[in-house]
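Got your viewer open? Let's take a short walk and see what turns up when you select the right residues.

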Amino acid sequence: MVHQVLYRALVSTKWLAESVRAGKLGPGLRVLDASWYSPGTREARKEYLGRHVPGASFFDIEECRNAASPYEMMLPSEAGFADYVGRLGISNDTHVVVYDGDDLGSFYAPRVWWMFRVFGHRTVSVLNGGFRNWLKEGHPVTSEPSRPEPAIFKATLDRSLLKTYEQVLENLKSKRFQLVDSRSQGRYLGTEPEPDAVGLEPGHIRGSVNMPFMDFLTEDGFEKSPEELRAMFEAKKVNLEQPLIATCRKGVTACHIALAAYLCGKPDVAIYDGSWSEWFRRAPPETRVSQWKGGKA
């Protein structure tokens, strides 16, 4: 079975706490705080400087992206990613553990998990339960910033895990891939506005299925079991034996779909990086489905 050879996508707070206590953080094990919040709400870097997992570095997703793109949160180049994570002390031999401080338990961490994987790095895990549960369980925190020794990281883009606008457009005809949208039902249907968006109406790509990413998490902020996740995919008639593209607004929460499928033994979910942010602005009107009525749903 394929899932027996997959690298563990989740590590527990207990495992990480024991690794911190045993002094295992270093070139072989690095921890990243990948928190990000909507402007005007919480300040991720400020919170990191206030308290974080001992030895963790701050992964600034605003810095590690393609700033030249007109779309939100697009992947950086291979060289850009390699340089950024190398400065965080990460080499191709490092086990990377990613978490964020979101109240849900996990929000941006799966995006960074996928970023490492799409650039050819397999030894990467998400902290199950996130910083929320790290704090709740009373594990140690520090305000001391980490200063890791820089390392050499070689990035090799795995194009099988990434889909472009042109590929998704072609897929509307070929239907080779199933398309799953991870946004809330209201934003998918177009009955709720896209938050903090200028010139971006809600709605979805024609033919896509809606699986809100929050549903993959328990109330306590942990990832649901593989059995529960598998049942969720089955309920939406998403076949994990077949090719799958995940989308959202900017390619972030789509990575929760990739993570959930990975936990079910499917490691090959591709992310449409431009997602709705790009699709709304580029795609033919007949490929956009929405109940939006000019500001009134």
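Here is a tour of a helix pair, a pocket and a cavity.

This is a predicted model, where local features need pLDDT of at least 70, side-chain atom pairs count only at pLDDT 80 or more, and totals for chains, interfaces and linings use all residues. Residues are numbered from 1 along each chain as its sequence is written, and side-chain values use heavy atoms, with hydrogens and water left out.

**Stop 1: two helices.** Select residues 165-174 (helix H6) and 275-282 (helix H10). They pack at about 70 degrees, with their axes 11 Å apart, which makes H6 roughly perpendicular to H10 (that label covers 65 to 115 degrees). Now show side chains: Tyr165, Glu166, Val168, Leu169 and Leu172 in H6 meet Glu278, Trp279 and Arg282 in H10 (contact means heavy atoms within 4.5 Å). By class, this contact has 5 nonpolar, no polar and 3 charged residues.

**Stop 2: the largest pocket.** Which residues are closest to its centre? Select Trp36, Ser38, Phe107, Tyr108 and Lys250, out of the 24 that line the pocket. Its volume is about 550 Å³, and the lining divides into 11 nonpolar, 4 polar and 9 charged residues. A pocket is an open set of points on a 1 Å grid, with protein on both sides within 12 Å along at least five of seven lines; lining residues have an atom within 4 Å of a point.

**Stop 3: the cavity.** In a cavity, a 1.4 Å probe fits but cannot get out. The whole structure has 1 cavity of 30 Å³ or more. Select its lining, including Gly105, Ser106, Asn128, Leu217 and Phe222. By class, that lining has 4 nonpolar, 6 polar and 1 charged residues.

Definitions and conventions:
Axes are lines fitted to C-alpha atoms, for helices over the stretch in contact, and angles run from 0 to 180 degrees between N-to-C directions. Helices (H or I, at least four residues) and strands (E, at least two) are DSSP runs, numbered from the N terminus. Angles under 35 degrees count as roughly parallel, over 145 as roughly antiparallel, 65 to 115 as roughly perpendicular and the rest as oblique. Ala, Val, Leu, Ile, Met, Phe, Trp, Tyr, Cys and Pro count as nonpolar, Asp, Glu, Lys and Arg as charged, and the others, Gly among them, as polar. Grid points are joined across faces, edges and corners, and a volume is the space filled by probe spheres set on the points.
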